[in-house]
Amino acid sequence: MTPALELRDLHFAYGRGASIRGVSLTLHAGDCYGFLGHNGAGKTTVMRLALGLLRPRRGSVRVLGIDALAEPRAAKAQCGALIERPGFHLQATARENLVALARLQGMPRALAGAEAERVLARTGLVAATHRAVGTFSMGMRQRLGIAQALLGRPRVLLLDEPTNGLDPEGVADLKRLLRDLARDDGVAVLVSSHQLAELDGLCNRIGVLREGQMLVEGDLAALRAQLSTRHVIAGEPRARVRDRLRELGLPAEERGDGACTVDLAGRAPGAVARALAAEFDLSAFAPEPVALETIYRQAASLRGDDGRDGAAARAAAAAATPALRAAGPAEPPPFPRWRAFRHELTILRLQRGTLALLLLPAAFACWRVVGYRDTVAAALARVQKGELFSADAGSGWLALVQALQAGAPLLALVLAWFASQSIAVDLAGDTLRNTLLRATTRFDVLLGKALAVGAVALAGGALLVASAAATAGALLGFGDLDEVTRTGGRQTLAVAADAGPAVLDAARALLLPLAAVTAVALAMSALARRPARALALALCALLLPELFRDGLRNDAGWLLTSHLPTGLRDDSALAYASAVARGAADALWRFEAQATLAPLAWLIAGLLLAGWLLRRQRVA
């Protein structure tokens, strides 16, 4: 039978020293496997390796026969997991968090909702379905973490210290749930713990890890049989039984129930039993049950024993467990990058109020149009009073381009904030791990995030231009720019047929630099694990190159800030369009030659750097 999960000779190190050395273990369908070890033994690292969150230096991982290193999406489609702290979006409800993950897993909307309700019911969270996760207690969040691991009915379930934060009732509920999953559904369950009592009575197989090495791994009954040298003996008369045991060289220890425990010290149990039965009426003669604690304590002495008994134990366990579903491993859901993109948009929507930030640049641009209209009206009033010889009568095109010059720096700042938080917030909140545990890869996640922030940039740019254009058109119209004299004469300074195309071209040219800003900020988000640090790094990456502007001279067009107004200087297409809209005969677009190549280079460099950094980033 194909193992549900098979780890072979895994090696891994966070630094120079090896932290995981030659770890191997096997789970079959219906196994409940206790993964034991002290804190820091490497249990969590092994589970990360099994789930593809880390890549081993050597060794193999197979899930239902699928090579998880070569086909990570297909392997993850069979697995559910809870690793360390459960991470969720705190503003969203329990149901919203689970539906988003189920949709990322490839479920249609209706099925995702039904699946979320099923796992909430199975983990005892029905009453908290519509509560924000930020209001949950530690135990409730742990239950929700178990619920997300159960989404999609996984065939392999990996739980890392799942009882953390649970009260005794919750621990009992979890043990009952895991037994049902293994026995009734044939799920292979791997549970790590350093609390031995919590796994006693639950697991049929165990593995003991110490300092990154497996000390023992095999069937629990076989391991107990190996260690069970003590026997429980009871008979009448009790005192004579104890005396006879001492005569046989087997000192007995009395128990409170009238029986005694005896270490047979290598004696054949049958021979001792016959010797006693010939003289006394024995009511009990059986091996003393061995607790998990005893196995763990003596595991070091059993190194290598599993080679003799482990294969037979595994075969017996496999024969006794439910068969794998006849259909074979489920296919991974299609369109992983589309699912990742849709998931990122969903998360943006769940972060209530966040998208409202896109209204700020648009509102500021509209305010700038109103200010321009008022300035024009004040100047014309002074002309009528004779205080000025002439003034321009205002133009919607000039108002629009000035509004874009005012709103674009604020929009760039908002987009830098969005992009810089995209990965850093997920890393800080442990939500990126939930995403990567679905049938996705890091490249899928990066592309989904890049497309999402790109969509935000496009939406923000469109909103900025549309709102400013609507306000300018309503207040000033899109006609020619005329100069009005105190005598009532009018002279055309800029023809609308010239100003309009220049302003619209400049507005379109604004989109590529804004996209480049998001790519650079996304790279800084992959570099930092803290949102505030990611934003600071993004601003430094965008603005510090300005220090070299004077030294670059004519090559300053390769600076990204040369193609965006900064509020302090503007060499972008908007400055050229503003000059055309004013009727300037010497209008010059200084860096027109690099207007496409420079932002495109920043965009590509930012995405490549983000991909490289995310690939190397440790996902807790």
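Which element gives the most to the lining of the second largest pocket? The answer is α5, with three residues. This report covers a predicted model, taking its pockets, its cavities and one of its sheets in turn.

## Second largest pocket

The second largest pocket holds a volume of about 490 Å³. Its lining counts 26 residues, and the closest to the centre are Glu-84, Arg-85, Pro-86, Gly-87 and Gln-142. Two elements give two or more residues each: α1, spanning 43-51, and α5, spanning 138-149.

By class, 13 residues of this lining are polar. Seven are nonpolar and six are charged.

## Largest pocket

The largest pocket encloses about 780 Å³ of space. It is lined by 21 residues. Closest to the centre are Gly-52, Leu-53, Arg-55, Arg-442 and Arg-615. Three elements are listed as giving two or more residues: α2 (72-76), α17 (442-475) and α23 (597-616). The largest share comes from α23, which supplies four residues.

What classes of residue make up this lining? Eleven are nonpolar, four are polar and six are charged.

## Cavities: the overall count

Rolling a probe the size of a water molecule over the atoms reveals where space stays empty. Across the whole structure, the search finds four cavities of 30 Å³ or more. The largest and the second largest are described below.

## Largest cavity

About 80 Å³ of space lies in the largest cavity. Its lining includes four alanines: Ala-506, Ala-509, Ala-573 and Ala-595. Leu-510, Leu-574, Pro-513, Pro-565 and Trp-589 also line this cavity. His-563 and Ser-572 complete the list.

Which elements give two or more residues here? They are α18 (496-509) and α22 (573-582). The lining divides into nine nonpolar and two polar residues, with no charged residue.

## Second largest cavity

The second largest cavity has a volume of about 60 Å³. Ala-50, Leu-51 and Gly-52 line this cavity, as do Val-63, Ala-68 and Pro-72. Ala-75, Lys-76 and Cys-79 are also in the lining. Gly-52 appears again here, having been listed among the residues closest to the centre of the largest pocket.

Both α1 and α2 supply at least two residues of the lining. The largest share, three residues, comes from α2. The classes are seven nonpolar, one polar and one charged.

Both helices also contribute to pockets. Two or more residues from α1 line the second largest pocket, and two or more from α2 line the largest pocket.

## A three-stranded sheet

Three strands form an open sheet in the order β15-β16-β17, with antiparallel pairing. Which strands lie at the edges? They are β15 (390-392) and β17 (490-494), each pairing on one side only. From one strand to the next, the twist averages 25 degrees.

Strand β16 covers residues 481-485 and is joined to β17 by four bridges. These two strands run antiparallel. Opposite Val-484 stands Arg-490 in β17.

Helix α22 packs on the sheet and touches β16 and β17. Its direction makes about 160 degrees with that of β17. This helix links two parts of the report: α22 packs on the sheet, and α22 also gives two or more residues to the lining of the largest cavity.

Notes. Residues are numbered from 1 along each chain as its sequence is written. This is a predicted model: local features need pLDDT of at least 70, side-chain atom pairs count only at pLDDT 80 or more; totals for chains, interfaces and linings use all residues. Side-chain values use heavy atoms; hydrogens and water are left out. On a 1 Å grid over the protein atoms alone, a cavity is a set of points where a 1.4 Å probe fits but cannot get out, and a pocket is an open set with protein on both sides within 12 Å along at least five of seven lines; lining residues have an atom within 4 Å of a point. Grid points are joined across faces, edges and corners, and a volume is the space filled by probe spheres set on the points. Ala, Val, Leu, Ile, Met, Phe, Trp, Tyr, Cys and Pro count as nonpolar, Asp, Glu, Lys and Arg as charged, and the others, Gly among them, as polar. Two strands pair if DSSP finds at least two bridges between them. Axes are lines fitted to C-alpha atoms, for helices over the stretch in contact, and angles run from 0 to 180 degrees between N-to-C directions. Contact means heavy atoms within 4.5 Å.
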